[in-house]
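Let's take a walk through this fold together. Keep the viewer open and follow along as we go.

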Amino acid sequence: MRPSPRDRLLFLLKTEGPQSTAALGAALGLTGEAARQQLAKLAEDGLVEGVSEAGGGRGRPRQSWQLTGAGHRSFPDGHADMALALIDAIGAELGPDALETVIAARERKTEALYRETLADAPTLADRIARLAALRMAEGYMASWWQEDDGCFILVENHCPICAAASACRNFCRSELDIFRNVLAAPVERTEHLLQGARRCAYRIG
């Protein structure tokens with residue numbers, strides 16, 4: 001079933017960041033008025049909000065749209081309440097060392113799966129492509145490209161374990177270690193959702 005204009009607008013704002021009404025309408029094949037109507041409904045539901053940007057001509061700000069916190073939370077978040085409850089229970093009942101044991105076990109299992117999938121990838125670009133496909137399947141809305149300087153960028157527009165990662169930052173540390181190990185290359189996180197960015201981004205190579 002084809003996604004509704006509402007869902008397509010939310011997805012575009014999630015993956016591309018703030019956009020003008022005209023840009024959103026053009027991307028979705030909607031008239032300007034149809035795009036404005038959809039955005040007005042989303043704003044009434046608290047899922048998007050208007051923002052002003054410089055560059056509107058003669059000093060006037062240009063209007064763009066972005067997701068609100070509720071808009072970001074409308075995307076799947078990996079059973080957030082259950083994850084938080086488990087983290088709290090493990091920490092309270094068994095202590096921080098037990099939580100680290102759980103994270104380490106998850107890291108080993110995830111790394112083994114990724115290594116198996118990337119095993120016969122002949123180049124770094126091939127390994128990144130397969131890793132991005134894995135992350136996409138896991139709900140991270142991942143994409144990648146190569147920069148002019150030869151380095152690669154891996155972007156994740158959504159984090160399905162964001163609630164758990166917010167409660168325990170070692171989930172993020174663990175995933176960065178996994179990327180470095182399975183890609184066999186330097187990996188630097190350049191944008192981080194938990195530090196206020198709209199996505200996570202990694203520079204590789």
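Start with the open sheet, which has four strands in the order β3-β4-β6-β5, paired antiparallel. The edges belong to β3 (142–146) and β5 (187–191); each has a single partner strand, so one side of each goes without a neighbour in the sheet. Going from one strand to the next, the twist averages 25°. Bear in mind throughout that you're looking at a predicted model.

Now go through the pairings. At one edge, β3 and β4 run antiparallel and are joined by five bridges, with glutamine 146 standing opposite phenylalanine 152 in β4. The two strands make a hairpin with five residues between them, and glycine 150 in that turn has a positive phi of about 95°. Next, β4 connects to β6 through five bridges, again antiparallel; here glutamate 156 has cysteine 200 in β6 as its bridge partner. Last comes β5, which four bridges join to β6 (residues 200–204), also antiparallel. In that pairing, valine 187 sits opposite isoleucine 204 of β6.

What packs on the sheet? One element that does is helix α7 (residues 124–137), which touches β3, β4 (152–156) and β6, and its direction makes about 165° with that of β3. Helix α9 (residues 170–183) lies across β4, β5 and β6, running at about 135° to β5.

It's worth pausing on β4. In a regular strand, side chains alternate between the two faces of the sheet. You can see this in β4: Phe152, Leu154 and Glu156 point one way, Ile153 and Val155 the other, and all are buried. That's five of the five residues of β4, so the strand is largely enclosed by the rest of the structure.

Next, move to the start of the chain, where helix α1 (residues 5–16) and helix α2 (residues 21–28) pack at an angle of about 120°, their axes 11 Å apart. The crossing of α1 past α2 is right-handed. On the α1 side, the contact uses Pro5, Arg8, Leu9, Leu12 and Leu13, which meet Leu24, Ala27 and Leu28 of α2. Sort the residues of this α1–α2 contact by type and you get seven nonpolar, no polar and one charged.

Which residues of α2 are buried? They are Thr21, Leu24, Gly25 and Leu28. These cover an arc of only 100° around the axis, which puts them on the same side of α2. The spacing fits a general rule: an α-helix has 3.6 residues a turn, so residues three or four places apart point the same way. Turn to the other side of α2 and you find Ala22, Ala26 and Ala27 exposed. The cover over the buried residues of α2 includes α1, α3 (32–44) and β2 (62–67). Right after α2 comes glycine 29, with a positive phi near 70°.

Finally, zoom out. The protein has nine helices and six strands. Of its 205 residues, 40% count as buried. As for how the chain meets itself, take the contacts between residues at least 6 apart in sequence: 50% of them join residues at least 24 apart.

Key: Residues are numbered from 1 along each chain as its sequence is written. This is a predicted model: local features need pLDDT of at least 70, side-chain atom pairs count only at pLDDT 80 or more; totals for chains, interfaces and linings use all residues. Side-chain values use heavy atoms; hydrogens and water are left out. Two strands pair if DSSP finds at least two bridges between them. Axes are lines fitted to C-alpha atoms, for helices over the stretch in contact, and angles run from 0 to 180 degrees between N-to-C directions. Contact means heavy atoms within 4.5 Å. A crossing is left-handed if the near helix is turned anticlockwise from the far one by less than a right angle, and right-handed if clockwise. Ala, Val, Leu, Ile, Met, Phe, Trp, Tyr, Cys and Pro count as nonpolar, Asp, Glu, Lys and Arg as charged, and the others, Gly among them, as polar. Buried means under 20% relative accessible area, exposed over 50%, partly exposed in between (1.4 Å probe, protein chains only). The arc is that of the directions from the helix axis to the C-beta atoms.
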